[in-house]
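Trainee: I am new to this structure and would like a close look at one part of it. Please take me through the strands towards the end of the chain and the turns that join them.

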Amino acid sequence: MKTNDVIDGISIKIDEMFGDEYKIYTNNVKQGLEMPCFFIKSLPSNKQKLIGNRYENEINLVIHTMIEDSENKEEQLNDIADKLYELEYVMLLTGDLLRGYDMKTEISDGVLLFFITYKYFTYKQTQQEIEMNNLTINGEVKNE
(Lines give C-alpha, C1' and ligand atoms only; values in the text may rest on other atoms or scores of the structure.)
Protein backbone atom coordinates (compact mmCIF):
# COMPACT_ATOMS: atom_id res chain seq x y z
CA MET A 1 0.00 0.00 0.00
CA LYS A 2 1.31 3.43 -0.94
CA THR A 3 0.35 7.02 -0.16
CA ASN A 4 -1.07 7.42 -3.68
CA ASP A 5 -3.36 4.42 -3.07
CA VAL A 6 -4.79 6.20 -0.02
CA ILE A 7 -5.19 9.49 -1.92
CA ASP A 8 -7.00 7.64 -4.74
CA GLY A 9 -9.36 6.03 -2.22
CA ILE A 10 -10.11 9.41 -0.64
CA SER A 11 -10.72 10.96 -4.07
CA ILE A 12 -13.24 8.25 -4.93
CA LYS A 13 -15.06 8.65 -1.60
CA ILE A 14 -15.19 12.47 -1.93
CA ASP A 15 -16.57 12.07 -5.45
CA GLU A 16 -19.26 9.72 -4.11
CA MET A 17 -20.16 12.17 -1.32
CA PHE A 18 -20.19 15.42 -3.32
CA GLY A 19 -20.62 14.36 -6.95
CA ASP A 20 -19.40 16.07 -10.08
CA GLU A 21 -20.13 19.55 -8.74
CA TYR A 22 -16.71 19.60 -7.02
CA LYS A 23 -13.41 19.19 -8.83
CA ILE A 24 -10.80 17.07 -7.01
CA TYR A 25 -7.10 17.88 -7.34
CA THR A 26 -4.24 15.72 -6.11
CA ASN A 27 -1.37 17.58 -7.80
CA ASN A 28 -0.29 21.19 -7.64
CA VAL A 29 -2.32 23.41 -9.93
CA LYS A 30 -0.52 26.52 -11.06
CA GLN A 31 -3.33 28.05 -13.12
CA GLY A 32 -6.94 27.35 -13.95
CA LEU A 33 -8.19 26.14 -10.58
CA GLU A 34 -11.92 25.41 -10.92
CA MET A 35 -14.09 26.09 -7.88
CA PRO A 36 -15.69 24.58 -5.93
CA CYS A 37 -12.91 22.06 -5.41
CA PHE A 38 -10.99 19.82 -3.08
CA PHE A 39 -7.21 19.65 -3.05
CA ILE A 40 -5.69 16.59 -1.33
CA LYS A 41 -2.13 17.07 -0.10
CA SER A 42 0.11 14.65 1.77
CA LEU A 43 1.95 15.89 4.84
CA PRO A 44 5.07 14.39 6.44
CA SER A 45 4.38 10.74 7.21
CA ASN A 46 6.00 8.10 9.42
CA LYS A 47 7.10 4.49 9.20
CA GLN A 48 8.12 2.77 12.42
CA LYS A 49 9.70 -0.69 12.72
CA LEU A 50 8.03 -2.99 15.19
CA ILE A 51 8.96 -6.48 16.37
CA GLY A 52 10.31 -8.76 13.66
CA ASN A 53 9.55 -7.61 10.14
CA ARG A 54 6.40 -5.64 11.03
CA TYR A 55 6.05 -1.91 10.37
CA GLU A 56 3.47 0.67 11.43
CA ASN A 57 2.84 3.19 8.67
CA GLU A 58 1.21 6.57 9.22
CA ILE A 59 -0.03 8.76 6.37
CA ASN A 60 -0.94 12.35 7.26
CA LEU A 61 -3.11 14.30 4.85
CA VAL A 62 -4.81 17.67 4.57
CA ILE A 63 -7.79 18.29 2.32
CA HIS A 64 -8.30 21.91 1.26
CA THR A 65 -11.85 22.86 0.30
CA MET A 66 -12.34 26.02 -1.72
CA ILE A 67 -15.71 27.45 -2.71
CA GLU A 68 -16.89 30.68 -4.30
CA ASP A 69 -17.42 33.69 -2.03
CA SER A 70 -20.99 34.14 -0.84
CA GLU A 71 -22.92 35.56 2.11
CA ASN A 72 -23.12 32.17 3.82
CA LYS A 73 -19.69 30.87 2.82
CA GLU A 74 -18.68 29.92 6.36
CA GLU A 75 -21.94 28.02 6.89
CA GLN A 76 -21.36 26.12 3.65
CA LEU A 77 -17.79 25.27 4.72
CA ASN A 78 -19.06 24.06 8.11
CA ASP A 79 -21.56 21.77 6.36
CA ILE A 80 -18.78 20.40 4.15
CA ALA A 81 -16.56 19.89 7.21
CA ASP A 82 -19.29 17.87 8.92
CA LYS A 83 -19.61 15.67 5.83
CA LEU A 84 -15.83 15.18 5.47
CA TYR A 85 -15.81 13.32 8.80
CA GLU A 86 -17.26 10.44 6.77
CA LEU A 87 -13.70 9.94 5.49
CA GLU A 88 -13.05 8.05 8.73
CA TYR A 89 -13.48 4.85 6.70
CA VAL A 90 -12.05 4.68 3.19
CA MET A 91 -12.10 1.68 0.85
CA LEU A 92 -9.03 1.46 -1.38
CA LEU A 93 -8.98 0.08 -4.91
CA THR A 94 -7.13 -2.96 -3.52
CA GLY A 95 -10.16 -3.75 -1.35
CA ASP A 96 -8.41 -2.74 1.88
CA LEU A 97 -10.44 -0.68 4.34
CA LEU A 98 -8.59 2.05 6.22
CA ARG A 99 -9.72 3.94 9.29
CA GLY A 100 -8.77 7.58 9.79
CA TYR A 101 -7.68 9.08 13.11
CA ASP A 102 -6.93 12.51 14.55
CA MET A 103 -9.47 14.26 12.33
CA LYS A 104 -9.80 18.00 12.75
CA THR A 105 -11.02 20.97 10.75
CA GLU A 106 -9.98 24.59 10.49
CA ILE A 107 -11.21 27.47 8.36
CA SER A 108 -8.41 29.81 7.38
CA ASP A 109 -8.70 32.70 4.91
CA GLY A 110 -11.96 31.33 3.54
CA VAL A 111 -10.51 27.85 2.91
CA LEU A 112 -11.59 24.76 4.84
CA LEU A 113 -8.68 22.57 5.98
CA PHE A 114 -9.51 18.99 6.98
CA PHE A 115 -6.65 17.06 8.61
CA ILE A 116 -6.70 13.26 8.87
CA THR A 117 -4.23 10.46 9.62
CA TYR A 118 -4.43 6.88 8.37
CA LYS A 119 -2.45 4.11 10.07
CA TYR A 120 -1.83 0.62 8.77
CA PHE A 121 0.59 -2.23 9.33
CA THR A 122 2.82 -3.93 6.80
CA TYR A 123 5.01 -6.99 6.90
CA LYS A 124 8.32 -6.97 5.07
CA GLN A 125 9.15 -10.30 3.45
CA THR A 126 12.76 -11.38 3.73
CA GLN A 127 14.66 -14.07 1.90
CA GLN A 128 14.52 -17.39 3.62
CA GLU A 129 17.85 -18.66 4.75
CA ILE A 130 19.06 -21.84 3.12
CA GLU A 131 19.14 -24.56 5.69
CA MET A 132 22.11 -26.87 5.82
CA ASN A 133 21.37 -30.54 5.35
CA ASN A 134 23.83 -32.56 7.38
CA LEU A 135 27.26 -31.68 8.62
CA THR A 136 29.71 -34.42 9.48
CA ILE A 137 32.79 -33.57 11.51
CA ASN A 138 35.65 -36.01 11.89
CA GLY A 139 38.12 -35.27 14.60
CA GLU A 140 40.48 -36.96 16.99
CA VAL A 141 42.32 -36.02 20.08
CA LYS A 142 46.09 -35.84 19.80
CA ASN A 143 47.88 -37.64 22.63
CA GLU A 144 51.38 -36.53 23.51
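Mentor: What follows covers the last three strands, their hairpins, the unusual backbone angles, and then the core.

This is a predicted model, in which local features need pLDDT of at least 70 and side-chain atom pairs count only at pLDDT 80 or more, while totals for chains, interfaces and linings use all residues. Residues are numbered from 1 along each chain as its sequence is written, and side-chain values use heavy atoms, with hydrogens and water left out.

Start with β5 (residues 89–91) and β6 (residues 97–108), which pair in the antiparallel sense over 3 bridges. Strands here are DSSP runs of E with at least two residues, helices are runs of H or I with at least four, and both are numbered from the N terminus. Two strands count as paired if DSSP finds at least two bridges between them. M91 has L97 of β6 as its bridge partner. The hairpin of β5 and β6 has 5 residues between the strands, and in this hairpin G95 takes a positive phi near 95°.

Next, β6 runs antiparallel to β7, and 7 bridges join them. One position to find is I107, which stands opposite L112 in β7. Between β6 and β7 the hairpin has 2 residues. D109 lies in the loop there, and its phi is near 50°, a positive value in a residue other than glycine. D109 is exposed, with a relative accessible area of 78%; buried means under 20%, exposed over 50%, and partly exposed in between (1.4 Å probe, protein chains only).

D102 also has a positive phi, of about 50°, although it is not a glycine. D102 lies within strand β6 and counts as exposed at 59% relative accessibility. Most residues other than glycine have a negative phi, and most peptide bonds are trans. A cis peptide bond occurs from M35 to P36, with omega near 0°; P36 sits in the loop between β1 (23–25) and β2.

Finally, the core. The largest nonpolar core has 26 residues, and I80, L84 and Y118 are among those with the most contacts inside it. Such a core is a set of buried Ala, Val, Leu, Ile, Met, Phe, Trp, Tyr and Cys residues joined through side-chain atoms within 4.5 Å. β7 (111–123) is one of the elements that each supply at least two residues of this core. L112 is among the residues that I80 touches, not counting residues up to four places away in sequence; contact means heavy atoms within 4.5 Å.
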